[in-house]
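Please open the model in your viewer and keep the residue selection tool at hand. The stops below go from one selection to the next, with a short account of what is there.

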Amino acid sequence: MCRDLLSTVVSEMGGQERPGQVAMTDAVDQAMRDELHLLVQAGTGTGKSLGYLAPALVYCVEKGARVIVATATLALQAQLAYKDVPAILDASGNVLSRRPKVAALKGRNNYICLHKVRGGSTRAKGQDALLPGADLIGDDDAQDAEYVPESALGAEVVMLREWAENQAEESGLGDRDDAPPHTPLAWAQVSVPAHECLGAQRCPFGSECLSEAAREQARNADLVVTNHAMLAIDALNDGRVLPEHDTVIIDEAHELVNRFTRAASKDLSPAIVTTAAKRALTWLDDDLGADLLDQADSIAHALDATAPGRITEPQSHVIECCTALRDITRTAVSQLGRKDDDSEELTDAQRVQAQAAMREVFETAERIVQLACADVVWVSESEKGYRSIHVAPLSVGGLLRENVFAQSTTILTSATLCIGGNFLTTARNVGLSAREQIEGDAPEVLETPMGWRGVDVGSPFDYSKQGILYVGRSLPRPGRDGIAPEVLDDLAELVWAAGGRTLGLFSSQRNAVAAAEHMRNAIPGISVLCQGEGHLADLTRRFTADPQTCLFGTMSLWQGVDIPGDTCRLVVIDRIPFPRPDDPLMAARSKAVEDAGGNGFMTVSAGHAALLLAQGAGRLIRRADDRGVVAVLDPRLVTARYGGFLRASMPPFWTTTDREMAIGALRRLGTS
């Protein structure tokens with residue numbers, strides 16, 4: 001039936017059958033039926049969304065099962081839930097015996113909070129609440145804040161609150177994606193983070209809660225579209241966040257480890273402690289409140305005296321300060337939780353939320369001072385000089401293995417899962433092992449419940465004919481002094497030959513800015529846009545609209561930017577994107593691999609670089625008639641021993657180290 005559904009939908013949508021899409025549909029269908037985990041690489045242009053949605057929808061209908069689809073970003077989640085899946089179902093004809101129910105589920109702070117919208121009052125709907133915007137100004141006493149209706153922020157909040165009431169009346173979900181245009185600061189005035197939610201049982205508006213309504217829809221749906229962050233939160237909370245399910249399909253799975261790492265990490269700074277303390281002062285003993293504020297200052301002094309980098313010694317001044325903070329916040333959490341003399345339960349919303357914020361600080365401090373072997377603790381410094389303490393898991397493989405793969409059949413898909421020519425690096429990062437890989441037909445009895453298969457369904461593009469990989473073999477090796485003059489000269493020649501039409505992917509903002517300035521001086525007739533000079537979405541729009549334009553930037557451009565056609569004929573990568581040698585988390589992960597007898601550089605640093613190179617080079621060919629050049633201005637790609645591993649992860653372009661050949665190809669494209 002999967003093939004029938006795929007064929008019908010493709011035909012109804014006016015598309016053409018793609019061999020890779022058919023192969024992917026078959027592989028996903030077989031994995032769900034065999035209850036085998038699957039890693040499926042589907043190149044750009046395969047149509048992988050339909051490739052996994054077709055068998056997922058059939059599985060929901062035939063087996064009465066629930067399937068979770070997790071995407072990397074909220075934008076892709078919305079695309080699937082509100083456009084792609086409905087379009088597929090509309091085009092499915094009579095192939096399915098019934099129309100599956102579909103729901104989208106996001107984090108709680110992506111929905112309007114009626115308690116906050118109505119001023120945090122326990123009064124019934126229809127009675128006067130706090131003035132709109134009353135909580136916008138004033139840290140200590142929000143109700144004394146003066147509301148300024150002329151302010152743009154105040155106007156946005158008023159608009160959002162009116163929209164929220166309409167949502168409640170019309171049984172909407174108050175989803176941020178459906179809200180009128182607004183700034184993040186305005187949204188913060190009408191939503192709450194999950195750890196500060198009062199809970200449906202305690203909140204006076206719990207019966208109307210829009211977030212709870214979304215969760216109820218998900219519990220009644222066959223297909224639930226969520227995101228990596230929600231999947232991670234569910235794993236961290238022993239499966240209590242997402243509804244019960246039989247299969248998980250993880251799209252853009254190359255991002256999974258980073259998203260899980262982010263969800264399992266915590267940050268602590270003097271500002272975080274001070275904010276939590278000020279919120280709680282009303283209900284704390286004076287001495288305890290003063291101790292909290294003093295401890296924020298102590299942490300600030302400790303950070304000023306500590307160089308950025310990993311912390312491993314319990315005697316560290318930072319750890320000693322966090323130990324004192326842990327003890328103080330433990331007492332504060334207890335005081336905030338005490339019942340009033342005339343109350344049977346804690347009902348003051350601000351007090352409950354202050355306690356939640358304080359508990360978050362306590363739990364973070366407690367985790368930091370443990371210096372657990374499974375965690376990495378370090379101090380960082382921002383560009384503005386502010387220092388913070390961070391704690392992150394050394395690995396999320398165990399979390400994924402035990403709380404995702406062990407719970408349900410899991411399918412990972414992306415255009416870049418084969419690192420160095422195979423799936424083993426990706427599998428290892430998500431908690432699967434090489435000995436658990438199954439080649440050929442699945443055995444009748446699996447020796448391990450973690451059996452997995454890797455499938456590469458290829459790409460509809462002929463990379464060897466559509467693109468050239470030029471490597472600047474004669475250029476100097478990258479150093480610490482920024483981008484070399486020879487590299488800038490090479491870049492200028494390539495950009496001139498391309499007539500603009502260049503996406504520049506740089507390893508640092510400093511290099512991107514230096515390259516942009518050089519291009520503006522060397523080729524004044526070509527416009528160069530640089531990340532940081534405006535909103536990235538606007539810069540991308542301008543780049544797309546004007547062919548004689550270049551767009552230079554850093555990591556935000558390496559993934560997810562889709563610019564097909566003549567706008568982008570040249571993708572430039574200034575250097576192999578290895579992680580910074582002073583990155584505490586990556587360094588700790590590399591050391592852990594070495595301590596286990598492996599090659600830390602190849603497993604961690606080269607694996608990281610290979611994934612980014614594959615993603616960056618993939619920006620060039622986005623459709624069947626695209627042509628162009630990927631230029632890597634780092635000779636190590638062809639001179640270093642690891643170069644072959646990195647090139648095996650990139651699209652199979654025709655490769656040259658002859659700059660004149662690359663320039664000639666770009667000039668011919670300009671005259672075609």
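Begin by selecting aspartate 297, which counts as partly exposed because its relative accessibility is 45%. Bear in mind throughout that this is a predicted model. Aspartate 297 belongs to helix H12, which covers residues 286-304, and if you extend the selection to Asp285, Asp286, Asp287, Asp291 and Asp294, you will have picked out, together with Asp297, a negative surface patch.

Next, go to the interior and select strand S17, residues 628-632. Is this strand enclosed or open to the outside? Five of its five residues are buried, so strand S17 is largely enclosed by the rest of the structure. In a regular strand, side chains alternate between the two faces of the sheet. In S17 both faces are covered, with Gly628, Val630 and Val632 buried on one side and Val629 and Ala631 buried on the other.

Keep S17 selected and add the strands that pair with it. Strand S12, residues 467-471, pairs with S17 in the parallel sense over five bridges, and a useful place to look along this pairing is tyrosine 470, whose bridge partner in S17 is alanine 631. Strand S16, residues 570-573, also runs parallel to S17 and is joined to it by four bridges. Within that pairing, valine 571 has valine 630 of S17 as its bridge partner, while leucine 570 has valine 629.

Now make S16 the centre of the view. Leu570 and Val572 point one way from this strand and Val571 and Ile573 point the other way, and all of them are buried. S16 also pairs with strand S13, residues 502-505, in the parallel sense over four bridges, and here leucine 505 stands opposite isoleucine 573 of S16.

From isoleucine 573, turn to aspartate 634, which lies in the loop between S17 and helix H24 (636-639). The C-alpha atoms of aspartate 634 and isoleucine 573 are 8.1 Å apart in space, although the two residues are 61 residues apart in sequence. Aspartate 634 counts as buried because its relative accessibility is 0%.

The following stops concern charged pairs. Side chains of opposite charge can pair when their charged atoms come close. A search of the whole structure finds 32 salt bridges, and one of them is reached by selecting lysine 106 and aspartate 175, whose side chains meet with an N to O distance of 2.9 Å. Lysine 106 is in the loop between strand S3 (102-104) and helix H5 (114-117), and aspartate 175 is in the loop between helix H6 (152-169) and helix H7 (184-188), so this pair ties together parts that are 69 residues apart in sequence. Lysine 106 is buried, with a relative accessible area of 1%, and aspartate 175 is likewise buried, with a relative accessible area of 1%.

For a salt bridge within one helix, select arginine 541 and aspartate 538, whose side chains meet at 2.6 Å, N to O. Both residues lie in helix H20 (residues 536-545), three residues apart, which is about one turn of the helix. Aspartate 538 is partly exposed, with a relative accessible area of 31%. A further selection takes in Asp29, Arg33 and Glu62, which are joined into one network by salt bridges that share partners.

Then move to arginine 240 and aspartate 238, which form a salt bridge with their closest N and O atoms 3.8 Å apart. Both arginine 240 and aspartate 238 are exposed, the relative accessibility of aspartate 238 being 59%. Aspartate 238 sits in the loop between helix H9 (228-236) and strand S5 (247-250), and its backbone deserves a look too, since the residue has a positive phi of about 55° although it is not a glycine.

Where should you look for glutamate 35, the last stop? Select the loop between helix H2 (19-34) and strand S1 (37-41), where glutamate 35 is found. Glutamate 35 has a positive phi of about 55° although it is not a glycine, and it counts as exposed because its relative accessibility is 54%, the cut-off for that term being over 50%.

Notes. Residues are numbered from 1 along each chain as its sequence is written. This is a predicted model: local features need pLDDT of at least 70, side-chain atom pairs count only at pLDDT 80 or more; totals for chains, interfaces and linings use all residues. Side-chain values use heavy atoms; hydrogens and water are left out. Patches are made of residues with over 30% relative accessible area and no salt bridge: like charges are joined within 9 Å, nonpolar side chains (Val, Leu, Ile, Met, Phe, Trp, Tyr) within 5 Å. Accessible areas come from the Shrake-Rupley method with a 1.4 Å probe; for residues, only the protein chains shown count as cover. A salt bridge is a side-chain nitrogen of Lys or Arg within 4 Å of a carboxyl oxygen of Asp or Glu. Lys and Arg count as positive and Asp and Glu as negative; His and the chain ends are not counted. The place of a charge is taken as NZ of Lys, CZ of Arg, CG of Asp or CD of Glu. Helices (H or I, at least four residues) and strands (E, at least two) are DSSP runs, numbered from the N terminus. Buried means under 20% relative accessible area, exposed over 50%, partly exposed in between (1.4 Å probe, protein chains only). Two strands pair if DSSP finds at least two bridges between them.
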